[in-house]
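Colleague: May we go through the strand pairing and the burial of this chain together?

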Amino acid sequence: MSATAKVQNWIDERLDLEELSAPLLKKTVPIHRHSHWYFLGGLTLFFFTVQIATGLLLLLYYRPSANEAYESVQRITNQVHFGWLVRSIHAWSANLMVLSVFAHLFSVAFYRAFRKPRELVWMSGVLVLFLVLGFGFSGYLLPWNTRAYFATKVGTEVPGQIPVIGHAIMLFMRGGEDVTGATLSRFFALHVCVLPALAIGMVMLHLALVQKFGISVPASVERRWESRFSRRKEIKFFPNFFLRELIGWYFALAVLIVLAVLLPSELGTKADPFASAPPGIKPEWYFLAQFQTLRMIPSKILGFDGELLGILGFGVAPGALLLLPFVEEKLGSRGVLLVRAGLAFGLSYLIVMSVIGYLAK
Amino acid sequence: MRLRTKRIYVFVKGEELLMALNDVLETGCPLERSAGEPLPRRSALRILVGSVLASLATMFYPIAKYIVPPQEAAADSGEALAGVAGELKPNTGKTFRFGTKPALLVRLTSGEYRSMSAVCTHLGCTVQYRSETEQVWCACHNGCYDLSGKNISGPPPRGLESYDVHVRGQEIYVTKKA
(Lines give C-alpha, C1' and ligand atoms only; values in the text may rest on other atoms or scores of the structure.)
Protein backbone atom coordinates (compact mmCIF):
# COMPACT_ATOMS: atom_id res chain seq x y z
CA MET A 1 0.00 0.00 0.00
CA SER A 2 1.41 3.39 -0.95
CA ALA A 3 1.97 6.13 1.62
CA THR A 4 -0.90 8.31 0.37
CA ALA A 5 -3.25 5.36 0.33
CA LYS A 6 -2.24 4.62 3.91
CA VAL A 7 -2.95 8.18 5.03
CA GLN A 8 -6.25 8.14 3.19
CA ASN A 9 -7.13 4.86 4.79
CA TRP A 10 -6.22 6.17 8.20
CA ILE A 11 -8.42 9.26 7.80
CA ASP A 12 -11.22 7.27 6.20
CA GLU A 13 -11.28 4.84 9.10
CA ARG A 14 -11.88 7.70 11.51
CA LEU A 15 -14.01 10.14 9.54
CA ASP A 16 -15.77 7.95 6.97
CA LEU A 17 -14.95 10.24 4.04
CA GLU A 18 -17.35 8.42 1.78
CA GLU A 19 -20.29 9.35 3.97
CA LEU A 20 -19.08 12.95 4.29
CA SER A 21 -18.63 13.47 0.57
CA ALA A 22 -21.77 11.59 -0.50
CA PRO A 23 -24.08 14.65 -0.56
CA LEU A 24 -21.57 16.63 -2.62
CA LEU A 25 -21.08 13.76 -5.08
CA LYS A 26 -24.82 13.35 -5.41
CA LYS A 27 -25.27 17.05 -6.19
CA THR A 28 -26.38 17.76 -9.75
CA VAL A 29 -26.74 20.88 -11.86
CA PRO A 30 -29.72 21.22 -14.23
CA ILE A 31 -28.82 21.84 -17.83
CA HIS A 32 -31.05 24.04 -20.01
CA ARG A 33 -30.73 27.17 -22.13
CA HIS A 34 -30.39 29.48 -19.09
CA SER A 35 -27.77 27.36 -17.30
CA HIS A 36 -24.93 29.83 -17.83
CA TRP A 37 -26.41 32.04 -15.08
CA TYR A 38 -25.48 29.31 -12.61
CA PHE A 39 -21.83 30.34 -12.88
CA LEU A 40 -22.32 33.71 -11.18
CA GLY A 41 -22.58 32.37 -7.62
CA GLY A 42 -19.36 30.42 -7.92
CA LEU A 43 -17.70 33.40 -9.57
CA THR A 44 -18.60 35.58 -6.59
CA LEU A 45 -17.14 32.95 -4.30
CA PHE A 46 -13.94 32.98 -6.36
CA PHE A 47 -13.56 36.76 -6.00
CA PHE A 48 -14.28 36.42 -2.29
CA THR A 49 -11.39 33.97 -1.86
CA VAL A 50 -9.14 36.32 -3.84
CA GLN A 51 -10.17 39.08 -1.42
CA ILE A 52 -9.27 36.98 1.60
CA ALA A 53 -5.88 36.01 0.15
CA THR A 54 -4.87 39.51 -0.99
CA GLY A 55 -6.38 41.08 2.14
CA LEU A 56 -4.16 38.91 4.33
CA LEU A 57 -1.15 40.00 2.29
CA LEU A 58 -2.04 43.70 2.64
CA LEU A 59 -2.35 43.22 6.40
CA LEU A 60 1.38 42.46 6.56
CA TYR A 61 2.24 46.10 5.80
CA TYR A 62 -0.87 48.19 6.37
CA ARG A 63 -1.04 50.36 9.52
CA PRO A 64 -4.49 51.43 10.71
CA SER A 65 -3.94 54.93 12.10
CA ALA A 66 -4.68 58.40 10.73
CA ASN A 67 -0.99 59.31 10.84
CA GLU A 68 0.35 56.17 9.19
CA ALA A 69 -2.40 54.65 7.03
CA TYR A 70 -1.78 56.74 3.92
CA GLU A 71 1.99 56.38 4.18
CA SER A 72 1.76 52.62 4.71
CA VAL A 73 -0.40 52.22 1.59
CA GLN A 74 2.09 54.42 -0.26
CA ARG A 75 4.84 52.08 0.90
CA ILE A 76 2.88 49.00 -0.19
CA THR A 77 2.37 50.58 -3.61
CA ASN A 78 5.86 51.96 -4.19
CA GLN A 79 8.33 49.90 -2.16
CA VAL A 80 7.04 46.48 -1.25
CA HIS A 81 7.77 43.92 -3.99
CA PHE A 82 4.61 43.42 -6.03
CA GLY A 83 2.77 45.53 -3.46
CA TRP A 84 1.14 47.55 -6.25
CA LEU A 85 -0.11 44.30 -7.79
CA VAL A 86 -1.53 42.90 -4.55
CA ARG A 87 -3.28 46.17 -3.78
CA SER A 88 -4.59 46.54 -7.33
CA ILE A 89 -5.91 42.99 -7.38
CA HIS A 90 -7.61 43.56 -4.02
CA ALA A 91 -9.28 46.72 -5.35
CA TRP A 92 -10.29 45.25 -8.71
CA SER A 93 -11.45 41.96 -7.27
CA ALA A 94 -13.63 43.97 -4.86
CA ASN A 95 -15.21 45.76 -7.82
CA LEU A 96 -15.74 42.55 -9.77
CA MET A 97 -17.16 40.83 -6.70
CA VAL A 98 -19.73 43.60 -6.28
CA LEU A 99 -20.55 43.30 -9.98
CA SER A 100 -20.92 39.51 -9.91
CA VAL A 101 -22.92 39.50 -6.68
CA PHE A 102 -25.34 42.06 -8.20
CA ALA A 103 -25.57 40.06 -11.45
CA HIS A 104 -26.17 36.86 -9.48
CA LEU A 105 -28.88 38.54 -7.41
CA PHE A 106 -30.73 40.01 -10.38
CA SER A 107 -30.53 36.80 -12.43
CA VAL A 108 -31.87 34.81 -9.48
CA ALA A 109 -34.60 37.41 -8.97
CA PHE A 110 -35.72 37.56 -12.61
CA TYR A 111 -35.84 33.74 -12.85
CA ARG A 112 -37.76 33.73 -9.54
CA ALA A 113 -35.42 31.17 -7.99
CA PHE A 114 -36.54 32.53 -4.60
CA ARG A 115 -39.95 30.86 -4.82
CA LYS A 116 -40.98 28.30 -2.24
CA PRO A 117 -39.12 26.48 -0.67
CA ARG A 118 -36.04 28.60 -1.38
CA GLU A 119 -36.98 31.82 0.46
CA LEU A 120 -34.17 31.37 2.99
CA VAL A 121 -31.61 30.76 0.25
CA TRP A 122 -32.63 34.10 -1.24
CA MET A 123 -32.53 35.93 2.10
CA SER A 124 -29.10 34.60 3.02
CA GLY A 125 -27.90 35.70 -0.43
CA VAL A 126 -29.27 39.23 -0.01
CA LEU A 127 -27.55 39.42 3.37
CA VAL A 128 -24.29 38.44 1.65
CA LEU A 129 -24.86 41.34 -0.79
CA PHE A 130 -25.28 43.76 2.14
CA LEU A 131 -22.09 42.42 3.71
CA VAL A 132 -20.24 42.84 0.41
CA LEU A 133 -21.36 46.48 0.22
CA GLY A 134 -20.27 46.87 3.84
CA PHE A 135 -16.84 45.56 2.85
CA GLY A 136 -16.69 48.10 0.06
CA PHE A 137 -17.71 51.00 2.26
CA SER A 138 -15.42 50.13 5.17
CA GLY A 139 -12.56 49.19 2.86
CA TYR A 140 -12.18 52.37 0.98
CA LEU A 141 -11.62 54.54 4.03
CA LEU A 142 -8.55 52.50 4.91
CA PRO A 143 -6.04 54.27 2.56
CA TRP A 144 -7.06 57.53 4.32
CA ASN A 145 -7.09 59.61 1.15
CA THR A 146 -9.27 62.61 0.31
CA ARG A 147 -11.92 60.65 -1.54
CA ALA A 148 -12.14 58.06 1.23
CA TYR A 149 -12.42 60.79 3.83
CA PHE A 150 -15.35 62.62 2.22
CA ALA A 151 -17.09 59.41 1.11
CA THR A 152 -16.99 58.26 4.71
CA LYS A 153 -18.09 61.64 5.98
CA VAL A 154 -21.17 61.56 3.74
CA GLY A 155 -21.75 57.83 4.21
CA THR A 156 -21.84 58.17 7.99
CA GLU A 157 -23.83 61.40 7.87
CA VAL A 158 -26.58 59.65 5.88
CA PRO A 159 -27.70 57.32 8.70
CA GLY A 160 -27.15 60.31 11.02
CA GLN A 161 -30.20 61.96 9.43
CA ILE A 162 -32.59 59.24 10.63
CA PRO A 163 -34.89 60.80 13.26
CA VAL A 164 -34.29 59.96 16.95
CA ILE A 165 -31.68 57.18 16.65
CA GLY A 166 -29.66 58.65 13.76
CA HIS A 167 -27.17 60.60 15.83
CA ALA A 168 -26.35 57.58 17.99
CA ILE A 169 -25.75 55.46 14.87
CA MET A 170 -23.46 58.13 13.46
CA LEU A 171 -21.50 58.37 16.72
CA PHE A 172 -21.16 54.59 16.77
CA MET A 173 -19.89 54.49 13.19
CA ARG A 174 -17.49 57.41 13.56
CA GLY A 175 -16.29 56.75 17.07
CA GLY A 176 -16.95 60.45 17.79
CA GLU A 177 -18.62 63.52 16.35
CA ASP A 178 -16.29 63.72 13.34
CA VAL A 179 -14.51 61.36 10.97
CA THR A 180 -11.10 60.95 12.61
CA GLY A 181 -8.49 58.32 13.36
CA ALA A 182 -11.07 56.79 15.69
CA THR A 183 -13.29 56.15 12.66
CA LEU A 184 -10.38 54.54 10.85
CA SER A 185 -9.79 52.14 13.78
CA ARG A 186 -13.44 51.14 13.79
CA PHE A 187 -13.65 50.67 10.05
CA PHE A 188 -10.45 48.64 10.09
CA ALA A 189 -11.78 46.29 12.77
CA LEU A 190 -15.03 46.01 10.84
CA HIS A 191 -13.30 45.35 7.53
CA VAL A 192 -10.76 42.76 8.61
CA CYS A 193 -12.51 41.07 11.51
CA VAL A 194 -16.24 41.56 11.98
CA LEU A 195 -17.36 41.51 8.33
CA PRO A 196 -15.16 38.56 7.27
CA ALA A 197 -16.49 36.48 10.19
CA LEU A 198 -20.09 37.37 9.31
CA ALA A 199 -19.54 36.93 5.57
CA ILE A 200 -17.87 33.54 5.87
CA GLY A 201 -20.69 32.35 8.12
CA MET A 202 -23.38 33.70 5.82
CA VAL A 203 -21.76 32.29 2.67
CA MET A 204 -21.51 28.87 4.32
CA LEU A 205 -25.17 29.04 5.32
CA HIS A 206 -26.07 30.08 1.77
CA LEU A 207 -24.13 27.17 0.28
CA ALA A 208 -25.56 24.70 2.79
CA LEU A 209 -29.08 25.84 1.88
CA VAL A 210 -28.35 25.57 -1.85
CA GLN A 211 -27.05 22.07 -1.14
CA LYS A 212 -30.22 21.20 0.78
CA PHE A 213 -32.73 22.45 -1.77
CA GLY A 214 -30.73 21.77 -4.92
CA ILE A 215 -30.34 24.25 -7.73
CA SER A 216 -33.52 25.99 -8.84
CA VAL A 217 -34.83 25.64 -12.39
CA PRO A 218 -36.71 28.52 -14.06
CA ALA A 219 -40.49 27.99 -13.94
CA SER A 220 -40.77 27.75 -17.75
CA VAL A 221 -38.14 25.03 -17.93
CA GLU A 222 -39.73 23.26 -14.99
CA ARG A 223 -43.09 23.13 -16.81
CA ARG A 224 -41.49 21.71 -19.94
CA TRP A 225 -39.66 19.12 -17.88
CA GLU A 226 -42.81 18.15 -16.07
CA SER A 227 -44.69 17.62 -19.32
CA ARG A 228 -42.05 15.21 -20.59
CA PHE A 229 -39.70 13.61 -18.12
CA SER A 230 -37.21 12.55 -20.82
CA ARG A 231 -36.43 16.22 -21.47
CA ARG A 232 -34.93 16.61 -18.01
CA LYS A 233 -31.18 17.03 -18.27
CA GLU A 234 -28.70 17.27 -15.43
CA ILE A 235 -24.98 16.92 -14.98
CA LYS A 236 -23.01 15.98 -11.91
CA PHE A 237 -21.61 18.85 -9.89
CA PHE A 238 -18.42 16.89 -9.19
CA PRO A 239 -16.50 16.81 -11.42
CA ASN A 240 -18.51 17.89 -14.49
CA PHE A 241 -19.86 21.28 -13.44
CA PHE A 242 -16.98 22.03 -11.13
CA LEU A 243 -14.44 21.66 -13.93
CA ARG A 244 -16.47 24.02 -16.12
CA GLU A 245 -16.55 26.41 -13.19
CA LEU A 246 -12.77 26.20 -12.86
CA ILE A 247 -12.46 27.32 -16.48
CA GLY A 248 -14.63 30.31 -15.62
CA TRP A 249 -12.44 31.09 -12.62
CA TYR A 250 -9.30 31.01 -14.71
CA PHE A 251 -10.93 33.37 -17.15
CA ALA A 252 -11.93 35.68 -14.28
CA LEU A 253 -8.39 35.56 -12.92
CA ALA A 254 -7.06 36.60 -16.32
CA VAL A 255 -9.48 39.54 -16.50
CA LEU A 256 -8.55 40.49 -12.95
CA ILE A 257 -4.81 40.49 -13.63
CA VAL A 258 -5.18 42.43 -16.88
CA LEU A 259 -7.25 45.11 -15.12
CA ALA A 260 -4.91 45.26 -12.14
CA VAL A 261 -1.85 45.63 -14.32
CA LEU A 262 -3.22 48.03 -16.91
CA LEU A 263 -5.34 50.15 -14.58
CA PRO A 264 -3.64 49.98 -11.18
CA SER A 265 -5.65 51.60 -8.40
CA GLU A 266 -4.65 55.15 -7.58
CA LEU A 267 -3.95 56.45 -4.12
CA GLY A 268 -4.82 60.15 -4.51
CA THR A 269 -3.89 62.75 -1.90
CA LYS A 270 -3.80 62.27 1.84
CA ALA A 271 -7.00 63.18 3.69
CA ASP A 272 -7.02 66.62 5.33
CA PRO A 273 -9.98 67.05 7.70
CA PHE A 274 -9.83 70.85 7.37
CA ALA A 275 -9.56 71.14 3.58
CA SER A 276 -12.48 71.64 1.20
CA ALA A 277 -13.91 68.71 -0.70
CA PRO A 278 -12.21 68.82 -4.12
CA PRO A 279 -14.36 69.40 -7.25
CA GLY A 280 -15.42 66.22 -9.05
CA ILE A 281 -15.29 64.08 -5.89
CA LYS A 282 -17.28 60.85 -6.31
CA PRO A 283 -17.71 57.57 -4.47
CA GLU A 284 -17.03 54.08 -5.86
CA TRP A 285 -19.26 53.16 -8.81
CA TYR A 286 -21.55 50.95 -6.73
CA PHE A 287 -22.57 53.92 -4.59
CA LEU A 288 -22.91 56.32 -7.55
CA ALA A 289 -26.69 55.84 -7.84
CA GLN A 290 -27.22 56.85 -4.20
CA PHE A 291 -24.73 59.70 -4.62
CA GLN A 292 -26.56 61.04 -7.66
CA THR A 293 -29.91 60.72 -5.87
CA LEU A 294 -28.57 62.81 -2.99
CA ARG A 295 -27.34 65.41 -5.46
CA MET A 296 -30.62 65.67 -7.33
CA ILE A 297 -33.04 65.56 -4.45
CA PRO A 298 -34.28 69.09 -3.58
CA SER A 299 -33.98 70.35 -0.02
CA LYS A 300 -37.77 70.30 0.46
CA ILE A 301 -40.38 67.96 -1.04
CA LEU A 302 -43.98 68.87 -0.08
CA GLY A 303 -42.71 70.39 3.12
CA PHE A 304 -40.64 67.36 4.10
CA ASP A 305 -36.87 67.29 4.29
CA GLY A 306 -35.80 66.09 0.85
CA GLU A 307 -32.70 64.26 2.03
CA LEU A 308 -34.68 62.50 4.75
CA LEU A 309 -37.10 61.11 2.13
CA GLY A 310 -34.16 59.99 -0.01
CA ILE A 311 -32.53 58.29 2.94
CA LEU A 312 -35.83 56.59 3.85
CA GLY A 313 -35.85 55.28 0.28
CA PHE A 314 -32.35 53.86 0.76
CA GLY A 315 -33.73 51.98 3.75
CA VAL A 316 -36.97 50.75 2.20
CA ALA A 317 -35.44 49.39 -1.04
CA PRO A 318 -33.00 46.94 0.61
CA GLY A 319 -35.75 45.86 3.02
CA ALA A 320 -38.08 45.11 0.11
CA LEU A 321 -35.27 43.23 -1.64
CA LEU A 322 -34.64 41.06 1.42
CA LEU A 323 -38.33 40.22 1.75
CA LEU A 324 -38.96 39.86 -2.00
CA PRO A 325 -40.41 36.30 -1.86
CA PHE A 326 -42.96 37.42 0.75
CA VAL A 327 -43.73 40.65 -1.09
CA GLU A 328 -44.52 38.61 -4.20
CA GLU A 329 -46.76 36.26 -2.25
CA LYS A 330 -48.56 39.12 -0.51
CA LEU A 331 -49.34 40.82 -3.82
CA GLY A 332 -51.36 37.77 -4.87
CA SER A 333 -52.05 36.87 -8.48
CA ARG A 334 -50.33 39.96 -9.89
CA GLY A 335 -47.33 39.46 -7.62
CA VAL A 336 -45.06 37.89 -10.23
CA LEU A 337 -45.69 40.69 -12.70
CA LEU A 338 -45.42 43.51 -10.13
CA VAL A 339 -42.21 42.16 -8.62
CA ARG A 340 -40.69 41.79 -12.08
CA ALA A 341 -41.69 45.36 -12.93
CA GLY A 342 -40.27 46.57 -9.61
CA LEU A 343 -36.99 44.74 -10.24
CA ALA A 344 -36.76 46.10 -13.76
CA PHE A 345 -37.41 49.61 -12.45
CA GLY A 346 -34.85 49.19 -9.65
CA LEU A 347 -32.21 47.88 -12.01
CA SER A 348 -32.79 50.64 -14.58
CA TYR A 349 -32.79 53.25 -11.81
CA LEU A 350 -29.43 51.98 -10.56
CA ILE A 351 -27.94 51.96 -14.06
CA VAL A 352 -29.32 55.34 -15.21
CA MET A 353 -28.44 57.17 -11.98
CA SER A 354 -24.96 55.62 -11.95
CA VAL A 355 -24.33 56.77 -15.51
CA ILE A 356 -25.57 60.31 -14.74
CA GLY A 357 -23.45 60.32 -11.59
CA TYR A 358 -20.43 59.10 -13.50
CA LEU A 359 -20.80 61.78 -16.17
CA ALA A 360 -21.64 64.61 -13.74
CA LYS A 361 -18.98 67.25 -13.35
CA MET B 1 -42.18 45.68 47.45
CA ARG B 2 -42.84 42.18 46.14
CA LEU B 3 -39.37 42.00 44.75
CA ARG B 4 -37.91 42.83 48.11
CA THR B 5 -39.83 40.07 49.87
CA LYS B 6 -38.66 37.61 47.28
CA ARG B 7 -35.07 38.63 47.74
CA ILE B 8 -35.20 38.07 51.46
CA TYR B 9 -36.82 34.73 50.85
CA VAL B 10 -34.05 33.70 48.51
CA PHE B 11 -31.46 34.82 51.01
CA VAL B 12 -32.98 32.88 53.90
CA LYS B 13 -33.64 29.83 51.85
CA GLY B 14 -30.29 29.92 50.10
CA GLU B 15 -29.37 26.39 50.94
CA GLU B 16 -32.77 25.07 49.94
CA LEU B 17 -32.49 26.95 46.67
CA LEU B 18 -29.21 25.26 45.94
CA MET B 19 -30.75 21.90 46.68
CA ALA B 20 -33.70 22.62 44.42
CA LEU B 21 -31.45 23.82 41.62
CA ASN B 22 -29.38 20.72 42.01
CA ASP B 23 -32.56 18.71 41.73
CA VAL B 24 -33.54 20.51 38.57
CA LEU B 25 -30.16 19.92 37.03
CA GLU B 26 -30.04 16.28 38.04
CA THR B 27 -33.54 15.23 37.13
CA GLY B 28 -33.94 17.65 34.24
CA CYS B 29 -37.56 17.82 35.24
CA PRO B 30 -38.25 21.25 36.64
CA LEU B 31 -42.02 21.38 36.45
CA GLU B 32 -42.78 18.60 38.86
CA ARG B 33 -43.48 19.74 42.38
CA SER B 34 -42.14 17.13 44.78
CA ALA B 35 -43.76 16.74 48.14
CA GLY B 36 -41.96 17.85 51.25
CA GLU B 37 -39.55 20.18 49.45
CA PRO B 38 -39.71 23.70 50.75
CA LEU B 39 -38.82 25.41 47.46
CA PRO B 40 -40.77 24.29 44.40
CA ARG B 41 -38.71 23.38 41.36
CA ARG B 42 -40.62 25.79 39.18
CA SER B 43 -39.42 28.75 41.24
CA ALA B 44 -35.94 27.33 41.28
CA LEU B 45 -35.95 27.17 37.50
CA ARG B 46 -37.26 30.72 37.26
CA ILE B 47 -34.49 31.95 39.50
CA LEU B 48 -31.98 29.99 37.47
CA VAL B 49 -33.19 31.40 34.15
CA GLY B 50 -33.54 34.86 35.67
CA SER B 51 -29.99 34.87 36.95
CA VAL B 52 -28.62 33.69 33.63
CA LEU B 53 -30.51 36.51 31.88
CA ALA B 54 -29.31 39.00 34.48
CA SER B 55 -25.72 37.86 34.08
CA LEU B 56 -26.04 38.23 30.30
CA ALA B 57 -27.43 41.73 30.78
CA THR B 58 -24.54 42.67 33.04
CA MET B 59 -22.19 41.40 30.36
CA PHE B 60 -23.86 43.35 27.56
CA TYR B 61 -24.21 46.61 29.47
CA PRO B 62 -20.47 47.36 29.62
CA ILE B 63 -20.09 46.25 25.99
CA ALA B 64 -22.84 48.61 24.87
CA LYS B 65 -21.34 51.45 26.91
CA TYR B 66 -17.87 50.67 25.60
CA ILE B 67 -19.01 50.96 21.98
CA VAL B 68 -20.35 54.49 22.50
CA PRO B 69 -17.34 56.84 22.26
CA PRO B 70 -16.73 59.09 25.30
CA GLN B 71 -17.45 62.82 24.96
CA GLU B 72 -14.36 64.72 23.96
CA ALA B 73 -13.46 67.84 25.89
CA ALA B 74 -14.61 70.84 23.88
CA ALA B 75 -11.56 72.46 22.35
CA ASP B 76 -13.85 75.25 21.26
CA SER B 77 -12.48 78.48 22.62
CA GLY B 78 -14.99 80.49 20.61
CA GLU B 79 -12.20 82.26 18.75
CA ALA B 80 -9.72 81.13 16.12
CA LEU B 81 -6.95 82.65 14.07
CA ALA B 82 -8.24 82.46 10.50
CA GLY B 83 -5.28 84.00 8.68
CA VAL B 84 -3.04 87.01 8.36
CA ALA B 85 -3.63 90.25 6.50
CA GLY B 86 -2.48 90.13 2.89
CA GLU B 87 -2.69 86.33 2.78
CA LEU B 88 -5.91 86.37 0.79
CA LYS B 89 -6.30 88.32 -2.42
CA PRO B 90 -9.73 89.88 -3.06
CA ASN B 91 -12.26 87.35 -4.44
CA THR B 92 -10.56 84.30 -2.86
CA GLY B 93 -11.19 82.11 0.16
CA LYS B 94 -9.53 79.56 2.44
CA THR B 95 -10.51 76.98 5.01
CA PHE B 96 -9.13 77.03 8.52
CA ARG B 97 -9.60 75.11 11.74
CA PHE B 98 -12.22 76.51 14.10
CA GLY B 99 -12.35 74.33 17.23
CA THR B 100 -12.79 70.82 15.91
CA LYS B 101 -14.53 71.80 12.65
CA PRO B 102 -13.39 73.43 9.42
CA ALA B 103 -14.48 77.04 8.75
CA LEU B 104 -14.26 79.30 5.71
CA LEU B 105 -12.73 82.76 5.41
CA VAL B 106 -13.61 84.72 2.26
CA ARG B 107 -12.23 88.04 1.09
CA LEU B 108 -14.84 89.75 -1.06
CA THR B 109 -14.01 91.71 -4.20
CA SER B 110 -14.50 94.83 -2.08
CA GLY B 111 -11.71 93.69 0.23
CA GLU B 112 -14.12 93.03 3.11
CA TYR B 113 -13.79 89.69 5.04
CA ARG B 114 -16.60 87.20 5.64
CA SER B 115 -16.45 83.97 7.63
CA MET B 116 -18.78 81.04 8.08
CA SER B 117 -18.85 77.39 8.97
CA ALA B 118 -17.36 75.24 6.19
CA VAL B 119 -19.47 72.19 7.10
CA CYS B 120 -22.17 71.76 4.45
CA THR B 121 -25.61 71.50 6.07
CA HIS B 122 -26.56 68.75 3.62
CA LEU B 123 -24.27 65.85 4.51
CA GLY B 124 -21.29 67.43 6.19
CA CYS B 125 -18.73 67.80 3.38
CA THR B 126 -16.33 70.75 3.53
CA VAL B 127 -17.41 73.67 1.29
CA GLN B 128 -15.16 76.04 -0.68
CA TYR B 129 -15.25 79.55 -2.14
CA ARG B 130 -15.65 79.79 -5.92
CA SER B 131 -14.28 83.00 -7.38
CA GLU B 132 -15.97 82.60 -10.78
CA THR B 133 -19.50 82.58 -9.30
CA GLU B 134 -18.63 84.48 -6.11
CA GLN B 135 -20.49 81.83 -4.15
CA VAL B 136 -19.76 79.19 -1.57
CA TRP B 137 -20.01 75.73 -3.11
CA CYS B 138 -19.96 72.14 -1.91
CA ALA B 139 -18.28 69.74 -4.33
CA CYS B 140 -19.93 66.63 -2.92
CA HIS B 141 -23.56 67.16 -3.92
CA ASN B 142 -23.46 70.52 -5.70
CA GLY B 143 -24.96 72.70 -2.94
CA CYS B 144 -24.57 76.50 -3.21
CA TYR B 145 -24.62 79.26 -0.60
CA ASP B 146 -24.38 83.02 -0.94
CA LEU B 147 -21.74 85.08 0.84
CA SER B 148 -23.84 85.50 3.96
CA GLY B 149 -24.06 81.70 4.21
CA LYS B 150 -27.67 81.42 3.00
CA ASN B 151 -28.45 78.23 1.04
CA ILE B 152 -29.46 79.27 -2.48
CA SER B 153 -29.47 76.10 -4.60
CA GLY B 154 -28.94 72.35 -4.49
CA PRO B 155 -29.76 69.98 -1.66
CA PRO B 156 -28.65 71.92 1.50
CA PRO B 157 -31.63 72.33 3.84
CA ARG B 158 -30.23 75.27 5.88
CA GLY B 159 -27.71 78.07 5.60
CA LEU B 160 -24.15 77.96 6.98
CA GLU B 161 -23.59 79.49 10.41
CA SER B 162 -21.82 82.81 9.83
CA TYR B 163 -19.10 84.15 12.12
CA ASP B 164 -17.82 87.58 13.11
CA VAL B 165 -14.47 88.63 11.68
CA HIS B 166 -12.07 90.87 13.64
CA VAL B 167 -8.90 92.26 12.15
CA ARG B 168 -6.37 92.96 14.89
CA GLY B 169 -3.20 94.39 13.46
CA GLN B 170 -1.88 91.84 11.00
CA GLU B 171 -4.05 88.99 12.25
CA ILE B 172 -7.58 88.02 11.32
CA TYR B 173 -9.63 86.42 14.09
CA VAL B 174 -13.03 84.80 13.84
CA THR B 175 -15.56 84.42 16.64
CA LYS B 176 -19.03 82.92 16.89
CA LYS B 177 -21.82 85.49 16.66
CA ALA B 178 -23.01 86.58 20.08
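Modeller: A contact here means heavy atoms within 4.5 Å. This is a predicted model, in which local features need pLDDT of at least 70, side-chain atom pairs count only at pLDDT 80 or more, and totals for chains, interfaces and linings use all residues. Residues are numbered from 1 along each chain as its sequence is written, chains are lettered from A and ligands numbered from 1 in the order in which they are written, and side-chain values use heavy atoms, with hydrogens and water left out.

Colleague: What share of the contacts in chain B with a separation of 6 or more comes from residues 24 or more positions apart?

Modeller: Chain B has three helices and ten strands (DSSP runs of H or I with at least four residues, and of E with at least two, numbered from the N terminus). The helices precede the strands in the order α-α-α-β-β-β-β-β-β-β-β-β-β. Among contacts with a separation of 6 or more, the share of residues 24 or more positions apart is 36%.

Colleague: How many residues of strand S3 of chain B are buried?

Modeller: Buried means under 20% relative accessible area, with a 1.4 Å probe and protein chains only. Across the 178 residues of chain B, 34% are buried. Strand S3(B), residues 101-107, is mostly covered, and the number of buried residues among its seven is five.

Colleague: Which residue in S4(B) stands opposite B:Leu104?

Modeller: Two strands pair if DSSP finds at least two bridges between them. S3(B) and S4(B), residues 113-117, run antiparallel and are joined by five bridges. Opposite B:Leu104 in S4(B) stands B:Met116.

Colleague: Which residue in S3(B) is the bridge partner of B:Thr92?

Modeller: S2(B), residues 92-98, runs antiparallel to S3(B), with seven bridges between them. Their hairpin has two residues between the strands, and B:Gly99 in the turn has a positive phi of about 65 degrees. The bridge partner of B:Thr92 in S3(B) is B:Arg107.

Definitions and conventions:
Buried means under 20% relative accessible area, exposed over 50%, partly exposed in between (1.4 Å probe, protein chains only).
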